[in-house]
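Me: Could you take a close look at one part of this protein for me, the nonpolar core and the helices packed around it? I'd like a connected walk through the residues.

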Amino acid sequence: MQVVTNLLNNESVCDIDHLRLVMLYALRYEKESPVQLMQLFNKLASRFAKYKPGLVQIVLKQAGVDKRTGDLFGNRDLLNIACNMARGLKGFENVYTCKDTAVVVKDNS
């Protein structure tokens with residue numbers, strides 16, 4: 001969210017790219033952060049006179065998560081979530097198997 005806000009405040013980014021950015025963010029996070037989406041909509045409306053308030057909502061209505069089939073962003077199906085979790089745990093070993101066992105060899109000679 002902070003990166004998107006920083007880009008909205010950036011004067012070197014053109015207005016249409018600001019709109020595209022908010023549309024993509026809205027498509028990705030429409031179910032997860034509606035309050036943040038409203039903040040972005042308001043920021044976009046207050047900064048750019050050409051912005052029509054319903055543009056992003058129309059995109060969400062036409063191409064939102066309820067209209068899509070499949071996983072547009074590749075991270076919401078159960079298998080992918082499990083793989084991401086396993087990838088995050090890579091490098092961590094079971095603490096119970098990490099101990100060094102001392103092997104004592106008796107010389108019976």
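Reply: Happy to; here is a tour of the core, followed by two of the helix contacts. Please keep in mind that this is a predicted model.

The largest nonpolar core has 16 residues, and Val22, Phe41, Leu44, Tyr51 and Val56 are those with the most contacts inside it. Four helices, H1 (2-9), H2 (15-29), H3 (34-47) and H4 (55-63), each supply at least two residues of this core. H2 gives the largest share, six residues. As general background, nonpolar side chains tend to be buried together in soluble globular proteins.

Tyr51 is a good place to pause. Setting aside neighbours within four places in sequence, Tyr51 is in contact with Leu19, Phe41, Leu44, Ala45, Val56 and Gln57.

Now to H2 and its partners, starting with H1. The axes of H1 and H2 come within 10 Å and cross at roughly 165 degrees, so H1 is roughly antiparallel to H2. In this pairing, Val4, Leu7 and Leu8 of H1 meet His18, Leu21, Val22 and Tyr25 of H2. The residues of that contact divide into six nonpolar, one polar and no charged.

On to H4, where the axes of H2 and H4 are 10 Å apart, at an angle of about 40 degrees; H2 is therefore oblique to H4. H2 passes H4 in a right-handed crossing, whereas H1 passes H2 in a left-handed one. From H2, Leu19, Val22, Met23, Ala26 and Leu27 meet Leu55, Val56, Val59, Leu60 and Ala63 of H4. Here the residues divide into ten nonpolar, no polar and no charged.

How values were computed. Residues are numbered from 1 along each chain as its sequence is written. This is a predicted model: local features need pLDDT of at least 70, side-chain atom pairs count only at pLDDT 80 or more; totals for chains, interfaces and linings use all residues. Side-chain values use heavy atoms; hydrogens and water are left out. A nonpolar core is a set of buried Ala, Val, Leu, Ile, Met, Phe, Trp, Tyr and Cys residues joined through side-chain atoms within 4.5 Å. Buried means under 20% relative accessible area, exposed over 50%, partly exposed in between (1.4 Å probe, protein chains only). Contact means heavy atoms within 4.5 Å. Axes are lines fitted to C-alpha atoms, for helices over the stretch in contact, and angles run from 0 to 180 degrees between N-to-C directions. Angles under 35 degrees count as roughly parallel, over 145 as roughly antiparallel, 65 to 115 as roughly perpendicular and the rest as oblique. A crossing is left-handed if the near helix is turned anticlockwise from the far one by less than a right angle, and right-handed if clockwise. Ala, Val, Leu, Ile, Met, Phe, Trp, Tyr, Cys and Pro count as nonpolar, Asp, Glu, Lys and Arg as charged, and the others, Gly among them, as polar.
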